[in-house]
Amino acid sequence: MDQSKIGKFIAESRRARNLTQRQLAEQLSISDKTVSKWECGKGLPEVSLMLPLCELLQITVNDLLSGEKLAEENYREKAEENLMNLMQENAENKERMVLSVICGVITVIAVCALVMLASYLPLPVWVRVALLVLAVVTAVAGIGAAARLEVKAGYYECPHCGTLFVPTMAAYVKGYHTFTRRRLTCPACGKTGMCRHRITR
Ligand SMILES: [Zn+2]
């Protein structure tokens with residue numbers, strides 16, 4: 001999916017309807033920064049906004065995802081291509097999410113095993129210390145790998161404007177989080193809040 005082409009097409013269609021970014025944003029109950037972000041090719045509208053957006057711009061969702069007004073003859077072909085692209089993107093994200101969980105579980109098991117060995121086996125002190133150091137290294141590496149996979153799996157949804165975005169690794173690691181939410185700053189509206197993690201668009 002070509003985000004910059006889609007962005008230009010949104011801008012074109014908006015101007016053709018004589019709407020400013022602000023007017024379009026108001027009708028969708030989102031911030032004008034979000035519209036500006038789409039038009040710059042820095043993100044796609046989330047699925048729940050696609051229909052109302054297309055209605056306002058008087059285009060179809062298929063036109064929107066193709067980034068151009070489609071002719072009758074290649075409409076079907078494009079529709080299938082767009083659908084496959086969306087599905088593939090979602091499947092890749094699910095795969096990363098599963099890998100991230102597996103990675104986390106393996107890390108926890110390995111660290112527990114190392115700590116148990118170090119605590120309960122009759123070993124010389126230096127071997128115990130070495131095992132504990134190895135446990136710490138495994139924990140750091142494993143959690144790092146799991147986090148790297150998870151940060152790429154899906155998107156975070158801004159609670160203020162509904163924009164979906166992928167946070168930077170630094171923001172992700174620093175952000176206070178619960179199981180499904182993480183405190184992040186939205187790149188579209190600039191507000192900070194507890195953003196919900198979503199695997200699919
Ligand atoms: Zn926002």
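**A guided walk from Glu95 to the sheet**

Visitor: Which helix does Glu95 lie in?
Guide: Happy to start there. This is a predicted model, where local features need pLDDT of at least 70, side-chain atom pairs count only at pLDDT 80 or more, and totals for chains, interfaces and linings use all residues. Residues are numbered from 1 along each chain as its sequence is written. Helices (DSSP runs of H or I, at least four residues) and strands (runs of E, at least two) are numbered from the N terminus, and the helix spanning residues 75–120, with Glu95 in it, is H6.

Visitor: Is Glu95 buried or exposed?
Guide: A residue is buried if 20 or more other C-beta atoms lie within 10 Å of its own, exposed if 12 or fewer, and partly exposed in between, with C-beta atoms placed from the backbone. Glu95 has 12 other C-beta atoms within 10 Å, so the residue is exposed.

Visitor: How far apart are the C-alpha atoms of Glu95 and Pro52?
Guide: Along the chain, 43 residues separate Glu95 from Pro52. In space, their C-alpha atoms are separated by 31 Å.

Visitor: How far apart do the C-alpha centres of domain 1 and domain 3 lie?
Guide: The chain is divided into domain 1 (3–70), domain 2 (77–152) and domain 3 (155–198), with bounds from an automatic or database domain assignment. Between domain 1 and domain 3, the distance from C-alpha centre to C-alpha centre is 22 Å.

Visitor: How many charged residues does domain 1 have on the side that touches domain 3?
Guide: Residues are in contact if their C-beta atoms, placed from the backbone, lie within 7 Å, and this contact takes seven residues from domain 1 and seven from domain 3. For the classes, Ala, Val, Leu, Ile, Met, Phe, Trp, Tyr, Cys and Pro count as nonpolar, Asp, Glu, Lys and Arg as charged, and the others, Gly among them, as polar. The domain 1 side has one nonpolar residue and three polar ones, and its number of charged residues is three.

Visitor: In what order do the four strands of the open sheet run?
Guide: Strands pair if DSSP finds at least two bridges between them. Strand S1 (residues 155–157) pairs with S2 over two bridges and with S4 over three, while S3 pairs with strand S4 (residues 192–198) over five. The edge strands, each pairing on one side only, are S2 (164–165) and S3 (181–185). The pairing is antiparallel, in the order S2-S1-S4-S3.

Visitor: Which residue in S4 is the bridge partner of Tyr156?
Guide: Tyr156 has bridge partners in two strands. In S2 the partner is Phe165. In S4 the partner is His197.

Visitor: Which residues of S3 point to one face and are buried?
Guide: Arg183 has Met194 as its bridge partner in S4, and Arg182 stands opposite Cys195. Side chains alternate along S3: Arg181, Arg183 and Thr185 point to one face and are not buried, while pointing to the other face and buried are Arg182 and Leu184.

Visitor: What is the phi of Ser29?
Guide: Most residues other than glycine have a negative phi. Ser29 lies in the loop between helix H2 (21–28) and helix H3 (32–39), and counts as exposed because it has 10 C-beta neighbours inside 10 Å. Its phi is positive, near 55 degrees.

Key:
Two residues are in contact if their C-beta atoms, placed from the backbone, lie within 7 Å.
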